[in-house]
Amino acid sequence: MKGSVIAAGAVVTKDCEKFTVYGGIPAKKIGVRNNDLQYKFNGNYIPFY
């Protein structure tokens with residue numbers, strides 16, 4: 001589903017809900033993601049040296 005996150009090694013056996021985090025064997029719901037995030041870039045950055 002849109003926005004779902006599946007942990008590495010998890011085994012998904014059913015459909016997943018939107019914007020939800022799953023993990024384990026079998027995969028279980030372990031969290032919910034925020035679906036209203038807004039990312040903005042103002043053009044400034046700090047270079048890595």
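These legends go with a handful of close-ups of a small set of strands in a predicted model.

**View 1. Three strands side by side make an open sheet.**
Follow the order β1-β2-β3 across the sheet, and you'll find that the pairing is mixed. Strands β1 and β3 stand at the edges with a single partner strand each, so one side of each has no neighbour in the sheet.

**View 2. Here β1 meets β2, and the two run in the parallel sense.**
Strand β1 covers residues 5-6, and two bridges link it to β2. Look for V5, which sits opposite V21 of β2. Then find I6, whose bridge partner in β2 is Y22.

**View 3. On to β2 and β3, which pair in the antiparallel sense.**
Strand β3 takes in residues 28-32, and four bridges hold the pairing with β2. Two of the facing residues are easy to pick out: Y22 stands across from K29 of β3, and G23 is opposite K28 of β3. So Y22 turns up again here, having already appeared as the bridge partner of I6. How many of the five residues of β3 are buried? The number is zero, so this strand lies largely in the open.

**View 4. Now for the hairpin of β2 and β3.**
Between the strands there are four residues. Check the backbone at G24, as this glycine takes a positive phi near 105°.

**View 5. Last up is T20, a residue of strand β2.**
The strand itself spans residues 20-23. Is T20 buried or exposed? Its relative accessible area is 2%, and buried means under 20%, so T20 counts as buried. What does T20 touch, once its neighbours within four places in sequence are left aside? The list is G3, S4, V5, K29, G31 and V32. Two of these names should ring a bell: V5 is the residue opposite V21, and K29 is the one opposite Y22. There's also a polar detail to spot at T20: a polar atom of its side chain lies 3.0 Å from the backbone oxygen of K18.

Terms used: Residues numbered from 1 in each chain as written. Predicted model: local features only at pLDDT ≥ 70, side-chain atom pairs only at ≥ 80, totals over all residues. Heavy atoms only, no water. Buried < 20%, exposed > 50% of the residue type's maximum accessible area, 1.4 Å probe, protein only. Polar contact = N/O pair within 3.5 Å; in protein donor to acceptor, adjacent residues only side chain to side chain. Contact = heavy atoms within 4.5 Å. Pairing = 2+ DSSP bridges.
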